[in-house]
Amino acid sequence: MRNQSRMWVLGIVGLLLAASVVTYGSDQKKSVILIFADGRQQTFALTDVSRIEFKDAAIIVFKDGRQKTFSLSEVARIEFEPAGSNEPQFGRNHYLGKWEVGDGAGSHFFITLEADGNARKTIGANHGTWTVVNGEARISWDDGWHDAIRKAGSKHEKVAFEPGRSFTDEPSNVTSAKNTNPQPI
């Protein structure tokens, strides 16, 4: 029953993939990202993909006829990374890892963004969840704080919002952010 449900979900994802190609055009730079249950990721340029089939496995068929097969039990989810406007849009891979950030009072702490969407920090309530919205990593912490890590010129910054504020409100503080291991983990 679980495999049948998973196949339905993956089938719907395939339909969304087809719709995104029609909606945005196939000449833009986009990618399909397979996120595995163990946290590994594999990215395919959408311009190279002809279709994705879901039978006994997830099969990515490339335009040149090559195929890549993945067991459905090892695929946790499939993500689509759309092309940005003139501004570069950063996806999840860009933000994975351990970030050294300021606390707004002159000290530093660390935020770790994990492939499964969990986040950890070394001060306050240490657990949260994160996602990418409009090219920035948005983190919601269990203690009510919200942080965003975003590209700012040639560097990154961490923007913090105290409990009760949202990502659209005036930030509580803005500090530098540096990925201490810039390769995806």
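Strands β3 and β4 run antiparallel and are joined by five bridges. Strand β4 covers residues 57-62. Within this pairing, Phe54 stands opposite Ala58 in β4. The model is predicted, so every feature described here is computed from predicted coordinates.

The β3-β4 pair belongs to an open sheet of three strands. The order is β3-β4-β5, and the pairing is antiparallel. The edges are β3, residues 49-54, and β5, residues 67-71. Each of these edge strands pairs on one side only. From one strand to the next, the twist averages 15°.

Strands of a sheet pair through backbone hydrogen bonds, either parallel or antiparallel.

Next comes the barrel. Eight strands close into it, in the order β7-β8-β9-β10-β11-β12-β13-β14. Here, too, the pairing is antiparallel. Neighbouring strands of the barrel sheet are turned against each other by 30° on average, with direction ignored.

Look at the start of that order. Strand β7 spans residues 97-102, and strand β8 spans residues 108-113. The two pair in the antiparallel sense over six bridges. Lys98 stands opposite Thr112 in β8. The side chain of Lys98 has a second partner to inspect: its charged end sits over the ring of Phe110. The distance to the ring centre is 4.6 Å.

Now the aromatic rings. A pair of aromatic rings is described by the distance of the centres and the angle of the planes. The structure holds two aromatic pairs. One joins Tyr95 and Trp99, whose ring centres lie 6.1 Å apart. Their planes meet at 35°, so the pair is tilted. Why tilted? Planes under 30 degrees apart would count as stacked, and those over 60 as edge-to-face. The angle of 35° for Tyr95 and Trp99 fits neither class, so tilted is what remains.

Are these two residues buried or exposed? Tyr95 has 0% relative accessibility and counts as buried. Trp99, at 1%, counts as buried as well. The cut-off for buried is under 20% relative accessible area.

The other pair is Phe161 with Phe167. Their ring centres are 5.6 Å apart. The planes stand at 75°, so this pair is edge-to-face. Phe161 has a relative accessible area of 2%, and is therefore buried.

Technical notes:
Residues are numbered from 1 along each chain as its sequence is written. This is a predicted model: local features need pLDDT of at least 70, side-chain atom pairs count only at pLDDT 80 or more; totals for chains, interfaces and linings use all residues. Side-chain values use heavy atoms; hydrogens and water are left out. Two strands pair if DSSP finds at least two bridges between them. Helices (H or I, at least four residues) and strands (E, at least two) are DSSP runs, numbered from the N terminus. Axes are lines fitted to C-alpha atoms, for helices over the stretch in contact, and angles run from 0 to 180 degrees between N-to-C directions. Rings of Phe, Tyr and Trp (its six-membered ring) pair if their centres lie within 6.5 Å; planes under 30 degrees apart count as stacked, over 60 as edge-to-face and the rest as tilted. Buried means under 20% relative accessible area, exposed over 50%, partly exposed in between (1.4 Å probe, protein chains only). A charge sits over a ring if NZ of Lys or CZ of Arg is within 6 Å of the ring centre and within 35 degrees of the ring normal.
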